Amino acid sequence: MSAPTRRLTTAQALVRFLSAQYTERDGVRRRLIAGTWGIFGHGNVAGVGQALVEYADVMPYHQGRNEQSMVHAAVGYARQLNRLSAQAVTTSIGPGATNLVTGAALATINRLPVLLLPGDYFASHAPDPLLQQLEHPVEADVSVNDTLRPVSRYFDRITRPEALIPSALQAMRVLADPAETGAVTLALPQDVQAVAYDWPEEFFAERVWYVRRPAPDPVELNAAVEAIRSARRPLIVAGGGVHHSEAEQALKAFVEATGVPVASTQAGKGSLRHDHPADLGGIGHTGTAVSDDLARTADLVIGVGTRYTDFTTASGTLFRNPDVRFLNLNITAFDAHKLAARTLVCDARSGLEKLAEGLAGYRVPEAYEAEYRAGKERWDEVVEAAYRAGDDSAVPTQTQVLGALDAAVGDDDVVINAAGSLPGDLHKLWRSRSPRQYHLEYGYSCMGYEIPAAIGVQQAAPGTPVWALVGDGTYLMMPTEIVTAVQEGLPLNMVLIQNHGYASIGGLSEETGGERFGTAYRFRAADGTFTGAPLPVDLAANAASLGMDVLRAKTVGELREALAAARASDRPTCVYVETDPAPTAPPAEAWWDVPVAETASREAAVEARERYDRQVADRRRHL
């Protein structure tokens with residue numbers, strides 16, 4: 001007797017399959033693919049589009065305005081839910097598909113799951129070449145979707161209906177695997193999407209993907225315990241893996257038992273609440289003085305769920321103790337082995353719990369604990385000074401904007417940012433009150449991420465106040481998903497900071513001999529020359545035209561009132577503020593390597609190269 005089958009098109013089978021996939025960790029079950037974003041054109045409208053109509057009761061659909069933005073929204077959703085639930089994104093062929101590449105790179109770099117379903121050429125090659133098809137003279141099976149291969153953790157082109165079965169299962173495995181996750185691409189030829197096939201009924205059965213918490217190897221664990229016990233100045237570097245593993249309480253218990261202080265990467269900030277005595281704030285180029293001072297003298301650096309980017313290590317110049325060693329607790333061996341470290345390849349929560357058991361009775365020296373607590377108190381004074389607003393009638397600085405926002409938010413609000421000068425100011429100054437409050441995408445630092453990511457976070461956590469912090473440069477990159485927020489009825493808050501230029505790159509350009517070339521919005525006069533006058537562009541009016549309520553704040557006092565009103569609103573609301581462009585954040589406490597011209601005739605570049613040579617001499621290879 002033959003096994004039961006169901007006759008569906010390939011696209012219908014895929015949507016039905018996705019609707020029955022779940023993850024489970026610690027006894028909590030979630031939909032693995034909770035919804036699908038889509039912009040339709042030829043290549044997916046008659047395939048996946050029809051299937052989403054067919055199964056609208058089991059697969060929610062979200063309409064986006066830009067393909068890259070849809071991926072950002074899905075990434076924000078997955079991050080908010082600790083990678084236990086994800087969303088899919090479907091596009092047409094051609095530019096719709098290639099617009100996915102930036103979002104896919106962001107997802108994979110940040111180890112966040114998203115399923116990409118771009119349309120593709122006809123597998124039959126019947127109409128050839130079709131509209132938007134890339135013709136390659138020697139590789140006829142290449143399409144524009146192949147640009148997604150290097151930024152995907154798994155890629156397949158489904159050229160026959162039955163090929164979907166093993167590929168869909170592999171796609172779910174990667175998405176649900178905390179050590180492998182990232183962007184997953186299933187390229188779907190448009191003719192194959194519409195082909196009917198007799199699918200085995202068990203393909204559509206409910207399937208649960210258990211998200212593992214691998215325990216540390218006993219040999220590695222014993223070596224790690226011994227390394228910590230012998231350390232006099234240990235320092236934890238908490239990365240995004242702490243949050244993904246929901247290991248914040250395990251970290252807190254470990255720290256309170258041992259006294260080991262914690263510095264955090266951009267992704268790891270909030271691993272401890274800001275007012276915990278052992279929380280030292282950010283580390284690296286955008287870190288706090290106390291974190292970076294301790295990093296320079298640490299004899300053991302304990303990385304927990306971190307990738308050790310160049311911002312974290314100050315391009316290899318931060319950890320200066322001649323005897324410094326590294327112990328890396330990470331779910332991926334790839335990251336655990338960085339900096340020639342002792343490794344503890346395991347889940348962050350299970351690893352910290354086992355370390356705490358093995359370290360019973362151990363505590364850092366009292367003098368060390370007193371030292372870092374005193375450093376933390378000094379830095380808290382720096383934060384207060386940066387946030388402090390004097391005259392309510394004054395034009396606010398950027399740090400005063402953050403101070404006003406700090407006073408307006410609640411413990412569970414989420415603050416989102418990705419690029420510009422804000423990430424540095426936030427990493428140094430923001431006082432995280434809960435594990436999910438600080439949402440910085442700094443693996444790819446992608447301008448345009450903030451608004452769509454805020455939509456994804458609100459979908460994942462309905463009722464949570466979400467703030468997208470957006471500079472003028474970022475806003476001009478990608479404001480289109482404001483329309484989506486209005487359509488979906490999501491009351492996201494946007495703080496739009498106008499300083500009439502690319503402030504962070506302007507500063508970097510000046511520091512490296514570029515003399516701020518091409519980093520300001522300048523007005524071209526009738527005679528063709530540029531003046532210092534700002535462009536007559538009204539970004540607040542643009543946001544209003546897209547459907548947001550807009551509150552204009554010209555002073556510190558008006559800003560406070562606008563932020564409170566925005567938080568109380570049930571509509572998408574923009575707080576627009578023009579800031580004093582003078583930098584008011586504390587300067588960088590550590591270096592970042594941006595190569596400077598080795599030869600130049602302009603004095604600014606010559607001086608910058610002299611500074612560069614002095615800094616790069618401190619770089620160290622940890623072997």
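Colleague: Of the contacts in the chain with a separation of 6 or more, what share comes from residues 24 or more positions apart?
Modeller: Bear in mind that we're looking at a predicted model. Contact here means heavy atoms within 4.5 Å. Among contacts with a separation of 6 or more, the share from residues 24 or more positions apart is 76%.

Colleague: How many helices and strands does the chain have?
Modeller: Let's take the helices and then the strands. There are 24 helices in the chain. Add the strands to the picture, and the tally reads 24 helices and 25 strands.

Colleague: And what is the radius of gyration of the chain?
Modeller: For 623 residues, the globule rule gives 25 Å. The chain comes out close to that, so it is as compact as a globular protein of that length. Its C-alpha trace spans about 75 × 75 × 55 Å along the principal axes. The radius of gyration itself is 25 Å.

Colleague: What percentage of the residues count as buried?
Modeller: To count as buried, a residue needs a relative accessible area under 20%. The chain still exposes about 24,700 Å², with carbon and sulfur atoms supplying 53% of that area. Of the 623 residues, the buried share is 57%.

Colleague: Is Thr-474 buried or exposed?
Modeller: Thr-474 sits in helix α19, which runs over residues 472–477. Setting aside neighbours within four places in sequence, Thr-474 touches Ala-419, Met-447, Gly-448 and Glu-450. Its relative accessible area is 6%, and the cut-off is under 20%, so Thr-474 is buried.

Colleague: On to charges: how far apart are the mean positions of the positive and negative ones?
Modeller: The chain carries 57 positive and 75 negative charges. Take the mean position of each set, and the two lie apart by 4 Å.

Colleague: How many salt bridges does the count come to?
Modeller: For a pair to count, a side-chain nitrogen of Lys or Arg has to be within 4 Å of a carboxyl oxygen of Asp or Glu. Glu-256 and Lys-252 make one such pair, at 3.1 Å from N to O. By this rule the total is 36.

Colleague: Which helix holds both Glu-256 and Lys-252?
Modeller: Both are partly exposed, Glu-256 at 42% relative accessible area and Lys-252 at 31%. They are four residues apart, which means about one helical turn separates them. The helix covers residues 248–258 and is α10.

Colleague: Which residue forms a salt bridge with Asp-26?
Modeller: The closest N and O atoms of this pair are 3.4 Å apart. Asp-26 lies in the loop between β2 and β3, and its partner is in helix α14, so the pair ties together parts that are 323 residues apart in sequence. Asp-26 is partly exposed at 46% relative accessibility, and the partner is partly exposed too, at 22%. That partner is Arg-349.

Colleague: What about Asp-593: which residue is its salt-bridge partner?
Modeller: The closest N and O atoms are 2.4 Å apart here. Asp-593 lies in the loop between β25 and α24, with its partner in the segment after α24, so the bridge links parts 26 residues apart in sequence. Asp-593 is buried at 17% relative accessible area, whereas the partner is partly exposed at 33%. The name you want is Arg-619.

How values were computed: Residues are numbered from 1 along each chain as its sequence is written. This is a predicted model: local features need pLDDT of at least 70, side-chain atom pairs count only at pLDDT 80 or more; totals for chains, interfaces and linings use all residues. Side-chain values use heavy atoms; hydrogens and water are left out. Helices (H or I, at least four residues) and strands (E, at least two) are DSSP runs, numbered from the N terminus. Buried means under 20% relative accessible area, exposed over 50%, partly exposed in between (1.4 Å probe, protein chains only). The radius of gyration is taken over C-alpha atoms; the globule rule is 2.2 Å times the number of residues to the power 0.38. Accessible areas come from the Shrake-Rupley method with a 1.4 Å probe; for residues, only the protein chains shown count as cover. Lys and Arg count as positive and Asp and Glu as negative; His and the chain ends are not counted. The place of a charge is taken as NZ of Lys, CZ of Arg, CG of Asp or CD of Glu.
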